[in-house]
Amino acid sequence: MPGSVDAVDRRAPAWSRRRRLWLLSIVAAAACCFSVLRLTGPAQTSAQRYLSQVDVRGYERVHHYLDPGSAPADERAAVAIFVGPPDHDILARVSGPGLVLSAAPSNPDSIDVAAVGRGQWHGCFVHVDRWTTSDPPLSYYPLNAEQVTAFRAGRLSVLDIAVGCGSG
């Protein structure tokens with residue numbers, strides 16, 4: 001039938017049809033790989049996966065990172081920073097599937113944070129700390145200017161929750 005797609009393809013040389021089929025196959029394979037990578041996301045350590053399940057009722061997660069230590073990535077702690085209203089019973093707000101925390105012993109040597117809770121979860125340690133100083137303890141915590149002002153005025157509480165699953 002004149003004007004059909006087959007008629008057009010027959011006029012093209014065989015090597016051209018093969019090249020077009022090869023290029024379409026490459027594009028399809030690349031699209032499949034991209035889709036799979038996009039769906040699975042970046043590789044995470046066990047600590048990062050568990051930390052992503054932690055929630056602090058009434059608080060907002062403002063940042064998370066892998067502890068910048070020298071141990072291999074899969075052994076370093078994953079840390080999340082939460083901000084919210086000051087509360088004396090923070091442990092009642094912290095939750096995760098199967099997570100059990102107990103009050104942490106006080107540590108008079110720490111001036112930047114107060115230990116709030118400690119626990120074991122899926123074979124990993126969990127530490128919940130509250131910032132106590134008027135200045136953030138490390139400069140790379142991304143609090144915005146409004147949050148820093150509220151924190152310094154005592155209207156905002158900042159929690160540091162760490163989950164570590166390695167031997168380090």
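Is W121 buried or exposed? In this predicted model, W121 comes out at 2% relative accessibility, so it counts as buried, the cut-off being under 20%. Let's start from there and work outwards.

**Two pairs of rings**

The structure holds two aromatic pairs. What do you need to describe one? For a pair of aromatic rings, it's the distance of the centres and the angle of the planes.

Take W121 to begin with. Its ring and the ring of Y50 have centres 5.8 Å apart, with planes at 45°, so this pair is called tilted. The two partners come from distant parts of the chain: Y50 sits in helix 3 (residues 46-51), W121 sits in strand 6, and their positions lie 71 residues apart in the numbering.

The other pair is W131 with F151, and this one is edge-to-face: 5.7 Å from centre to centre, with 80° between the planes. W131 belongs to strand 7 and F151 to helix 4 (residues 145-153), so the pair ties together parts that are 20 residues apart in sequence. Both rings are tucked away: W131 counts as buried because its relative accessibility is 3%, and F151 counts as buried because its value is 8%.

**A sheet of six strands**

Now look for the sheet. It is open, has six strands in the order 2-3-8-7-6-5, and its pairing is antiparallel. At the edges you'll find strand 2 (60-66) and strand 5 (102-103), each of which pairs on one side only.

Follow strand 3 (residues 78-84) next. Seven of its seven residues are buried, so the strand is largely enclosed by the rest of the structure. In a regular strand the side chains alternate between the two faces of the sheet. You can see this here: A78, A80, F82 and G84 point one way from strand 3, while V79, I81 and V83 point the other way, and all are buried.

Strand 3 has a neighbour on either side in the strand order. With strand 2 it pairs in the antiparallel sense over six bridges, and with strand 8 (residues 157-164) it does so over seven bridges. I81 is a handy residue to click on: it is the bridge partner of H63, and in strand 8 its bridge partner is D160.

Further along the sheet, strand 6 (residues 113-121) and strand 7 (residues 124-131) pair in the antiparallel sense over eight bridges. Here R118 stands opposite H127 in strand 7.

**Charged partners**

Side chains of opposite charge can pair when their charged atoms come close. How many salt bridges does the structure hold? There are two, and here they are side by side.

| Salt bridge | Closest N to O distance |
|---|---|
| R93 and D87 | 2.6 Å |
| D129 and R118 | 3.1 Å |

The D129 and R118 pair links distant parts of the chain, with D129 in strand 7, R118 in strand 6, and 11 residues from one to the other. So R118 turns up twice: it stands opposite H127, and it has a salt bridge with D129.

How hidden are these charged residues? D129 counts as buried because its relative accessibility is 12%, whereas R118, at 25%, counts as partly exposed. In the other salt bridge, R93 is buried at 16% relative accessibility, while D87 is partly exposed at 22%.

Terms used: Residues are numbered from 1 along each chain as its sequence is written. This is a predicted model: local features need pLDDT of at least 70, side-chain atom pairs count only at pLDDT 80 or more; totals for chains, interfaces and linings use all residues. Side-chain values use heavy atoms; hydrogens and water are left out. Two strands pair if DSSP finds at least two bridges between them. Helices (H or I, at least four residues) and strands (E, at least two) are DSSP runs, numbered from the N terminus. Rings of Phe, Tyr and Trp (its six-membered ring) pair if their centres lie within 6.5 Å; planes under 30 degrees apart count as stacked, over 60 as edge-to-face and the rest as tilted. Buried means under 20% relative accessible area, exposed over 50%, partly exposed in between (1.4 Å probe, protein chains only). A salt bridge is a side-chain nitrogen of Lys or Arg within 4 Å of a carboxyl oxygen of Asp or Glu.
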